[in-house]
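Welcome, and thank you for joining this tour. Please open the structure in your viewer and keep the selection tool at hand.

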Amino acid sequence: MRHTLRRSCASCATSKHGCDLRMPRCSRCAKRGVECIYANEPLTTPLASGGKDAGTLVPLEEYQPLSDHSLVSLDPFDSYPQTRLPRKYTQRLIHTFLHKIAFQYYPLDVSPTSNPFLMSWWPLALGDPALFHVSLQTACLDEELLAQKGFHNSFILMADSVSLLRRKIENTSLAMQDGTINSVITLATIEFGKGNIEVSEMHVEGVKQLVHLRGGISSVRQTSPLTARMVSWVSMLIMGHPQFQTQDDDGIGDGLPPIPEWQLDSTGTDCQDRELFGLEVDYAVTNVLIRLRSIFRRAQRVPLPTTRLHDLTCFAIHRLLNSTPKDEIALFPMTECIRYTIILYMFIAHGPTYYSHVVIQNSILVHLMEYIEQAQPDFLVHGSLDVWFVAVGMAASTGTPHYTWFAERARIIAALLEVPSSTEALSRMQSILWLDTPQGETIFRPHWDVILDPPAHSSDLALKTAVP
């Protein structure tokens with residue numbers, strides 16, 4: 001974080017000469033051939049004149065401290081990097097980021113005294129012009145999307161963000177900083193949201209290189225858990241598959257680490273475990289399922305904190321997707337049914353964080369449908385597993401064209417197994433994999449109410465399965 005508001009470079013300040021604030025060196029330092037160091041790097045490099053990005057920088061003399069006293073602790077020097085946007089507009093974006101965007105990006109922690117976007121990200125941004133511009137851009141896009149009057153200001157912030165990042169990436173030590181990695185992965189989400197898929201994927205590839213320079217995702221996590229969580233989760237959602245490996249069950253390796261509960265004893269079996277062992281299911285998938293069941297049972301006594309649930313979800317999905325058959329030819333369809341249903345269930349239990357997982361979830365749904373058809377020729381019944389497959393499929397496909405397929409499948413399975421009520425259907429689901437949460441039953445029960453009592457709920461079904 002900056003400790004002075006001085007604009008001139010160190011050499012000009014020491015000599016008490018006027019500094020023209022040119023970058024990367026002021027005119028006086030360039031003429032004398034000496035190093036030019038700014039306490040607060042000015043954003044004075046003009047963009048191409050006459051183009052869309054041309055604009056006048058707001059002079060520092062117009063700087064005005066934040067008026068919201070609740071933010072003083074987040075910016076004890078009442079200062080922030082300069083932007084090309086009007087002073088009052090910049091301050092409004094700051095307020096939007098701190099009071100809205102931070103909690104949208106990290107709903108795992110809604111406390112203003114511990115939310116990491118307020119406690120670690122924002123102080124970092126105040127001393128990092130690139131991250132500051134990227135952070136403002138998230139707030140700016142939010143406002144401009146609501147206003148629907150174009151994206152002029154976010155375009156300016158994007159141009160300056162990219163310019164500032166290029167300077168940092170040219171320096172290896174600056175490129176490896178948390179602020180740089182945070183900036184690039186956020187730009188990736190912004191471009192993905194705009195539909196600029198190739199640009200978004202390019203940013204992800206850049207982030208992977210920066211993480212590699214830091215020694216791997218495990219090393220990043222040791223010093224910056226928030227950065228590691230964002231990078232691993234968002235890169236997977238954007239690319240459609242994991243970009244990092246996982247550590248083994250004992251926590252050895254340089255990949256994503258398991259949560260402590262993953263390593264606790266999970267060797268005990270019950271009737272459902274024995275049912276699974278009687279099927280042709282790969283060990284890698286069975287291992288994940290049994291460990292998750294063990295963790296969820298413990299969570300009935302001591303609930304998992306939301307951040308711990310996120311780490312578990314990220315680890316489990318990475319582990320499952322990384323172990324899929326490389327040639328996409330599954331020898332055991334039941335293995336793939338269980339694999340993709342676990343993934344969908346974890347997405348449902350986790351909920352959206354940082355960024356929507358709708359795109360990857362839809363891809364997983366398509367895979368699940370294919371393997372259910374292979375594993376259930378002529379509706380060969382596998383008991384509670386079948387109920388679990390279609391129940392999770394219905395919940396995950398709500399509002400999509402795939403819902404009707406899962407609903408019809410659920411009706412047939414319920415009839416073959418003589419499932420009398422939604423309570424029985426939920427009980428069968430819970431015997432396979434279930435995290436006890438306040439919203440758990442409300443996510444799944446309405447679908448079974450419709451399936452098992454269609455006359456009373458036919459109008460609800462039409463509403464729930466309507467495609468936007």
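Which residues do ring pairs link into a cluster? Select Tyr80, Phe97, Tyr105, Tyr106, Phe117, Trp121, Trp122 and Phe132, and you have the cluster that ring pairs hold together. Before going further, please keep in mind that this is a predicted model.

**Stop 1: around the ring cluster**

Stay with one member of the cluster, Phe132. Phenylalanine 132 sits in helix H5, which covers residues 129-147. Is phenylalanine 132 buried or exposed? With a relative accessible area of 0%, phenylalanine 132 is buried. Now add tryptophan 122 to your selection and draw a C-alpha to C-alpha distance: tryptophan 122 and phenylalanine 132 are 10 residues apart along the chain, and their C-alpha atoms are separated by 8.0 Å.

Next, select histidine 95, which you will find in helix H3 (residues 87-105). Histidine 95 is partly exposed, and its relative accessible area is 38%. Leucine 136 makes a good partner to show alongside histidine 95: 41 residues separate the two in sequence, while in space their C-alpha atoms are 9.6 Å apart.

**Stop 2: two loop residues with positive phi**

Follow H5 to the loop that joins it to helix H6 (152-169), and pick glutamine 148 there. Glutamine 148 is not a glycine, yet its phi is positive, at about 55°. Glutamine 148 is exposed, with a relative accessible area of 70%.

Where is glutamate 418 placed? Look in the loop between helix H18 (403-417) and helix H19 (422-430). Glutamate 418 also has a positive phi of about 55°, although it is not a glycine. At 68% relative accessibility, glutamate 418 counts as exposed.

**Stop 3: a buried loop residue**

Now move to valine 281, in the loop between helix H12 (271-277) and helix H13 (283-299). Valine 281 has a relative accessible area of 16%, so it falls under the 20% limit and is buried. Show arginine 339 as well: valine 281 and arginine 339 are 58 residues apart along the chain, with 9.6 Å between their C-alpha atoms.

**Stop 4: aromatic pairs**

How many aromatic pairs are there? The count comes to 14 aromatic pairs. For a close look at one of them, select tryptophan 233 and phenylalanine 347: their ring centres are 5.8 Å apart and their planes meet at 65°, so the pair is edge-to-face. This pair links distant parts of the chain, since tryptophan 233 belongs to helix H11 and phenylalanine 347 to helix H15 (residues 333-350), 114 residues apart. Tryptophan 233 and phenylalanine 347 are both buried.

Another pair to show is tryptophan 405 with phenylalanine 406. Their ring centres lie 4.9 Å apart with the planes at 80°, so this pair too is edge-to-face. Phenylalanine 406 counts as buried, at 0% relative accessibility.

**Stop 5: the largest nonpolar core**

Which residues have the most contacts inside the largest nonpolar core? Select Leu292, Ile338, Ile342, Tyr345, Trp388, Met429 and Trp448 to see them; the core as a whole has 125 residues. H15 provides the largest share of this core, with 12 residues. Try colouring domain 2 (87-239) and domain 3 (260-452): both give residues to this core, so it lies between them.

**Stop 6: the second largest cavity**

Keep those domain colours for the last stop. The model has 3 cavities of 30 Å³ or more, and the second largest has a volume of about 90 Å³. To outline this second largest cavity, select Arg221, Ala228, Arg229, Ser232, Leu256, Pro257, His310, Asp311, Cys314 and Phe315, which line it. What kinds of residue make up this lining? There are 5 nonpolar, 2 polar and 3 charged residues.

Helix H11 (225-239) and helix H14 (306-322) each supply at least two residues of the lining. The largest share, 4 residues, comes from H14. Why does the second largest cavity lie between domain 2 and domain 3? Both domain 2 (87-239) and domain 3 (260-452) give residues to its lining, so the cavity lies between them.

Definitions and conventions
Residues are numbered from 1 along each chain as its sequence is written. This is a predicted model: local features need pLDDT of at least 70, side-chain atom pairs count only at pLDDT 80 or more; totals for chains, interfaces and linings use all residues. Side-chain values use heavy atoms; hydrogens and water are left out. On a 1 Å grid over the protein atoms alone, a cavity is a set of points where a 1.4 Å probe fits but cannot get out, and a pocket is an open set with protein on both sides within 12 Å along at least five of seven lines; lining residues have an atom within 4 Å of a point. Grid points are joined across faces, edges and corners, and a volume is the space filled by probe spheres set on the points. Ala, Val, Leu, Ile, Met, Phe, Trp, Tyr, Cys and Pro count as nonpolar, Asp, Glu, Lys and Arg as charged, and the others, Gly among them, as polar. Domain bounds come from an automatic or database domain assignment. Rings of Phe, Tyr and Trp (its six-membered ring) pair if their centres lie within 6.5 Å; planes under 30 degrees apart count as stacked, over 60 as edge-to-face and the rest as tilted. Buried means under 20% relative accessible area, exposed over 50%, partly exposed in between (1.4 Å probe, protein chains only). A nonpolar core is a set of buried Ala, Val, Leu, Ile, Met, Phe, Trp, Tyr and Cys residues joined through side-chain atoms within 4.5 Å.
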